[in-house]
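Please look over the sequence and the structure below before reading on. The report then takes up a few parts in turn.

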Amino acid sequence: MPTPDLVIYSTRVVTPEGTGPAAVVVEHGVVRAVEPPPGPAIANRLDVGHLIVMPGLVDTHVHVNEPGRTEWEGFETAARAAAAGGVTTLVDMPLNSSPVTTSVEALEAKRDAAAARCGVDYGFWGGVVPGNAAHLPALAEAGVLGFKCFLAPSGLDEFPPVTEADLHEAMPALAALDAVLLVHAEAPGPLERAAGGSGDARSYRRYLASRPREAEHEAIALLLRLAAEYGCRVHVVHLSSAGALPLLREARRNGVPLTVETCPHYLTFAAEEIPDGATLFKCAPPIRERENRERLWDALRDGEIDMIASDHSPCPPELKRLEAGNFDGAWGGVSSLQLTLAAVWTEARRRHVSPDALARWLGERPARLAGVSHCKGRIAPGYDADLVVWDPDAEWTVDAARLHHRHAVTPYAGRALHGAVRHVFLRGNPISHDGRVTNGRPGRWLRGCMRVV
Ligand code: ZN
């Protein structure tokens, strides 16, 4: 056997078989073996004691916004935040860049921007918008990992929502490609009926009432019906309303090809605790009540929600209208890419959830969704040596100014979190240490390989 490039030893290595003492042996960026201790004694050996060694996070829901809105967030800053937070793979959403990723040319522009500046591995979702069904095979062939659509306005005129008629065109095309359709599941009808109420635009309660749970339920019901009709795989992004869980349960029982994600902010915050005027918390669907949050946690533990993704969706501070605190005028989106691991762990440990579950929700299942589960999301022989070494007992307070996101704007500012990322490796290369990003080289494009017929 040749000498490995790196050996990491810990008493708590998280593998698909469970957590225990092991030496992770890395060669040419790939895990060669996971051996019982002590493992090979080589010069480049990192003994991390009781720190947890977990697969690097695969974040399948990141809005990088480059090209076109790089001043909101770009590949360089997003990747630095990712590296510091233990995210070794990110999948970029087809908005809010400009152009949006609904054509091959737009994908090429994204690819070029990322190739120059993205310091973690990356892939892209394409977009489904009205009238582009005929272009989906070309986008698939060009390397997207799947597709995303909205059922209600996205906030960007360049990325309009699809109607049921549009889905009747797109979903058979996606089923033929065996491509997954990610859906922002809020239906326009309930949103329109709830909109425009009088009252104080600074009131969080009023904002919450404007995005009712029924909007999610109606959208998901439509989606499940069409998924069953066409055999098209669907993925519900950022599930907020736990009221949709019975629908999802029933559909799974009937064999509908379905996965569900929720986000750290829905698992952390509660509507009752959000002050009026605090537009940092504005996102859609909204952060709901405490009782709802607890049901989302139950659903994760029961396997009814498959995974957690950040939905990192930043914007410049002025668009958050922080001084006015106006929920109507503020851009929606929570900025949190760097914080996912600590935010989720902070809530998970209170509920006696193990790091093994975190590794499934943040690594293994998102990798499967993105079609990269042959190389990402596990610590196992043959997998990329994407590793996050973290201290589950460390407590720290979020200082937004010290995050690597382009803007120091996050609802987690000032929050005490548990779990500190110590070392991060991307294909065996160290990319961050205690929040300092050490990576100089670009990541690798994870090109989709869909069956184009
Ligand atoms: Zn999003």
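Which residue follows α12, and is its phi positive or negative? The residue that follows α12 is Gly-371, and its phi is positive, near 75°. This value, like every other in this report, belongs to a predicted model.

## Helix α12

Helix α12 covers residues 355–369, and its 15 residues reach 20 Å from the first C-alpha to the last, which is close to the 21 Å expected at 1.5 Å a residue. The helix nevertheless has a kink of about 35°, and this kink is centred on Trp-361.

Of the 15 residues of α12, 12 are buried, so the helix is largely enclosed by the rest of the structure. Among these buried residues are Trp-361, at the centre of the kink, and several others, including Pro-355, Leu-358, Arg-360, Glu-364, Arg-365 and Leu-369.

## Helix α11 and Thr-340

Helix α11, made of residues 340–350, is also largely enclosed by the rest of the structure, because 8 of its 11 residues are buried. The buried residues of α11 include Leu-341, Val-344, Trp-345 and Ala-348, and Thr-340 is one of them as well. Just after α11 comes His-352, which takes a positive phi of about 60°.

Thr-340 itself lies in helix α11, and it counts as buried because it has 24 C-beta neighbours inside 10 Å, where 20 or more are required. When neighbours within four places in sequence are left aside, Thr-340 is in contact with Leu-57, Asp-59, Gly-85, Val-87, Pro-264, Ser-310 and Leu-362. One of these partners, Leu-362, is a buried residue of α12. Pro-392 stands 52 residues from Thr-340 along the chain, and the C-alpha atoms of these two residues are separated by 13 Å.

## Hairpins of β1, β2 and β3

Strand β1 (residues 6–15) and strand β2 (residues 18–27) run antiparallel and are joined by 8 bridges. The two strands form a hairpin with 2 residues between them, and Thr-15 has Gly-18 in β2 as its bridge partner.

Strand β2 is also joined to strand β3 (residues 30–35), again in an antiparallel arrangement, through 5 bridges. In this pairing Val-25 stands opposite Ala-33 in β3. The hairpin of β2 and β3 has 2 residues between the strands, and in it His-28 takes a positive phi near 50°.

## An open parallel sheet

Strands of a sheet pair through backbone hydrogen bonds, either parallel or antiparallel. An open sheet of 3 strands shows the parallel kind, with its strands in the order β6-β7-β8. Its edge strands are β6 (57–62) and β8 (121–124), each of which pairs on one side only, and the twist averages 20° from one strand to the next.

Strand β6 is joined to the parallel strand β7 (residues 87–92) by 4 bridges, and the bridge partner of Val-58 in β7 is Thr-89.

## The nonpolar core

In soluble globular proteins, nonpolar side chains tend to be buried together. The largest nonpolar core in this model has 148 residues, and those that touch the most other members are Val-24, Val-53, Val-120, Phe-147, Leu-174, Leu-181 and Val-183.

Leu-181 can serve as an example of such a residue. Apart from neighbours within four places in sequence, Leu-181 is in contact with Val-128, Phe-147, Cys-149, Met-171, Leu-174, Cys-232, Arg-233, Val-234 and His-235.

## Less common backbone geometry

Most residues other than glycine have a negative phi, and most peptide bonds are trans. The peptide bond from Glu-66 to Pro-67, however, is cis, with omega near 0°, and Pro-67 is found in the loop between β6 and α1 (75–85). A second cis peptide bond runs from Ser-98 to Pro-99, with omega near 10°, and Pro-99 has its place in the loop between β7 and α2 (104–117).

Is His-238 buried or exposed? His-238 is buried, because 25 other C-beta atoms lie within 10 Å; its phi is positive, near 30°, and its place is in the loop between β12 (234–236) and α8 (245–253). Arg-321 also has a positive phi, of about 50°, although it is not a glycine. This residue lies in the loop between β14 (307–308) and α11, and it is partly exposed, with 19 other C-beta atoms within 10 Å.

How values were computed. Residues are numbered from 1 along each chain as its sequence is written. This is a predicted model: local features need pLDDT of at least 70, side-chain atom pairs count only at pLDDT 80 or more; totals for chains, interfaces and linings use all residues. Two strands pair if DSSP finds at least two bridges between them. The expected span of a helix is 1.5 Å times one less than its number of residues. The bend at a residue is the angle between axes fitted to the seven residues ending there and the seven starting there. Axes are lines fitted to C-alpha atoms, for helices over the stretch in contact, and angles run from 0 to 180 degrees between N-to-C directions. A nonpolar core is a set of buried Ala, Val, Leu, Ile, Met, Phe, Trp, Tyr and Cys residues joined through C-beta atoms within 7 Å. Two residues are in contact if their C-beta atoms, placed from the backbone, lie within 7 Å.
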